Amino acid sequence: MDLTILTLVFCLYDFVVNGNPSPLVDVVVDRYKIPKVCPREVQTEDFIRYHYNGSFSADGTLFDSSHVRGNPAVSQVGLGRLLLGINRGLMGMCVNEQRKITIPPHLAYGSIGSDGVVPPDAVLVFDILLLDIWNAEDKVQVRTISKPDSCRRTTVASDFVRYHYNGTLLSGEAFDSSYSRNATYDTYLGQGDLIKGMEEGLLHMCLRERRIVIVPPFLAYGESGHGTHIPPQATLVYEVLLVDVFNPKDDLIVQVKEVPDGCTRRTVTGDFIRYHYNGTFQDGTAFDSSYERNSTYNTFIGKGQVIQGMDKALVGLCIGEKRRITVPPHLAYGEAGVENLIPGSAVLVFDIEVIDFHNPKDPVGIKVTHKPQDCKVTSEVDDLIQYRYNCSLMDGTLLYSSDNDTTSFTTLGTNKVILGLEEGLFGMCLGEKREVVIPPHWGHGENGAGEVPKSAVLFFELELVELTKGVPEGYMFVWLGDGPDPLFPAMDLNGDGEVPLEEFSAFLMQQVEEGKGRLRPGVDANSIIKDMFDNQDQNKDGKIVEDELNVKVDDAPGHVIRDEL
């Protein structure tokens, strides 16, 4: 279409010999404002909505105006409902085009005029702005602007949809926008909750698809219009973005993204699980993330502590498994949503990663990875042991480690390490290696400790490096078998009837070297012997005589044991 201002003259003037113009014989059209884009031109039988000013050509006096009345005119072209000159002047006109149409009397009100408003034989000038065009044969027009590469499902009647839109008239004048309210429009399809044209325009749409929906007036608000912004007989143009869709019959959708090798156990109802997640809506908008908080979400499975859909989805998982879970609103937060976080009737998408899980009844898990062939002595209560270890979470995050050049010491049964670690260290041979899984009720419990998160399952790799047999709690020395009886003559190595510290120490060390007795491991031997000597040297004269040897009586009647010796 030629975008220059054109003056269309079907027949303007005939000039007589004296040079005076003859009267107009047809309309004169001055297209003084033409839009750059014109997808549709007025044709016979089209309906139009337009504004106009009507004036006399002779003096420019205004005799009629839709602008003054405040309402545009609506009419049909070419069926005798308009002045013949208007019909001719409107043909080929575009929405938002402005024309000045000059009409001779015989194509207007002729020699009679009109009701005292238009005098006989008046040449009329109509300044027209076209606002809308439609036809009784029009249908809803759908134009796709953008569409995701993958489209798992499209909308059907009975689906519930959440969408954003900008609504304009055909002239481009905005009448409504969900974006300005910062809230999607939410509704069921196929239940008559929308205008007919929008019901049709939203069908077969993909999630995150953006489209233009053009609705003719008779499939929109028709002759009544709507409110103050949609006039009667208005074509409506919606730019729509589908944000969410679900069906009330939808169930949970679980997509397994990653399963670690060697999964020997899966979650069941009653287990306690720690997992990370990213939560988004179906359009990809994030609403929550445990990763951002650097803290797992911890909960029991099947006890209603999380939304129903998540409770179902957390069953059957392995440690380290990753899943995408799509939860329809009736299995999430329903129509109410969560204030300032999750809109009503929102489908939720969770990408989860299982860090660990356990059952409150779980024992310590012990797996021997290496055991020496020669294993005659194993660790037990009161033994002093030296061991190497790596301590990590079940996802492999290393928390603590003894270096290859350093080791850790503990005496078993003294509660110097967590209960689960003690359990894992019992019964080990020198050189044995183990993998030990410690549930939190055997570890640091619900509160965690240091680098250990709350309710964390711990994984230990252990190697027993040294084993020294111990003595019972409260003793510094024990006999391995029956001790000398009588005791004092055996202690009195030179037979002079008294035992100084040096002789006492030589006697005890001899028993240890011969495998007849054992000092408490992990404590300096000289300090132990000095303490034992001081306990027996009652008069503190630096020597022990036979009468000073203490005995203590056990609770059992008649059962006498020598204190420490």
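Is E321 buried or exposed? Select E321 in this predicted model and you will find that its relative accessibility is 1%, so E321 counts as buried.

Keep E321 on display and add R323, since the side chains of these two residues meet in a salt bridge, with a nitrogen-to-oxygen distance of 2.7 Å. R323 has a relative accessibility of 10% and therefore also counts as buried, the limit for that class being under 20%. From this pair, move the selection to R31, E97 and R99, which are joined into one network by salt bridges that share partners.

The next stop is D288, to be shown together with R293: their side chains form a salt bridge in which N and O lie 2.6 Å apart. Here the surroundings can be read from the accessibility values, for D288 is partly exposed with a relative accessible area of 26%, and R293, at 44%, counts as partly exposed as well.

Now select K312 and D251, whose side chains meet in a salt bridge with an N to O distance of 3.2 Å. K312 belongs to helix 6, which covers residues 308-313, whereas D251 sits in the loop between strand 13 (236-246) and strand 14 (253-258), so this pair ties together parts that are 61 residues apart in sequence. If you colour by accessibility, K312 should appear as partly exposed at 41%, and D251 likewise as partly exposed at 45%. For anyone who wishes to continue along this theme, the count of salt bridges in the model comes to 31, and the pairs visited here are among them.

The last stop is S379, which you will find in the loop that runs between strand 20 (365-370) and strand 21 (384-393). Although S379 lies in a loop, its relative accessible area is 4%, and S379 is therefore buried. Which residues surround S379, once its neighbours within four places in sequence are left aside? Display I385, L412, L425, F426, G427, M428 and L467, with each of which S379 is in contact. Within this group, centre the view on M428 and draw a distance from its backbone nitrogen to the side chain of S379, where a polar atom lies 2.9 Å away.

To close the tour, it may help to place two of the stops side by side: E321, at 1% relative accessibility, is buried and is paired through its side chain with R323, while S379, buried at 4%, has a side-chain polar atom 2.9 Å from the backbone nitrogen of M428.

Methods: Residues are numbered from 1 along each chain as its sequence is written. This is a predicted model: local features need pLDDT of at least 70, side-chain atom pairs count only at pLDDT 80 or more; totals for chains, interfaces and linings use all residues. Side-chain values use heavy atoms; hydrogens and water are left out. Helices (H or I, at least four residues) and strands (E, at least two) are DSSP runs, numbered from the N terminus. Buried means under 20% relative accessible area, exposed over 50%, partly exposed in between (1.4 Å probe, protein chains only). A polar contact is a pair of N or O atoms within 3.5 Å; within protein, one must be able to donate a hydrogen and the other to accept it, and residues adjacent in sequence count only if both atoms are side-chain atoms. Contact means heavy atoms within 4.5 Å. A salt bridge is a side-chain nitrogen of Lys or Arg within 4 Å of a carboxyl oxygen of Asp or Glu.
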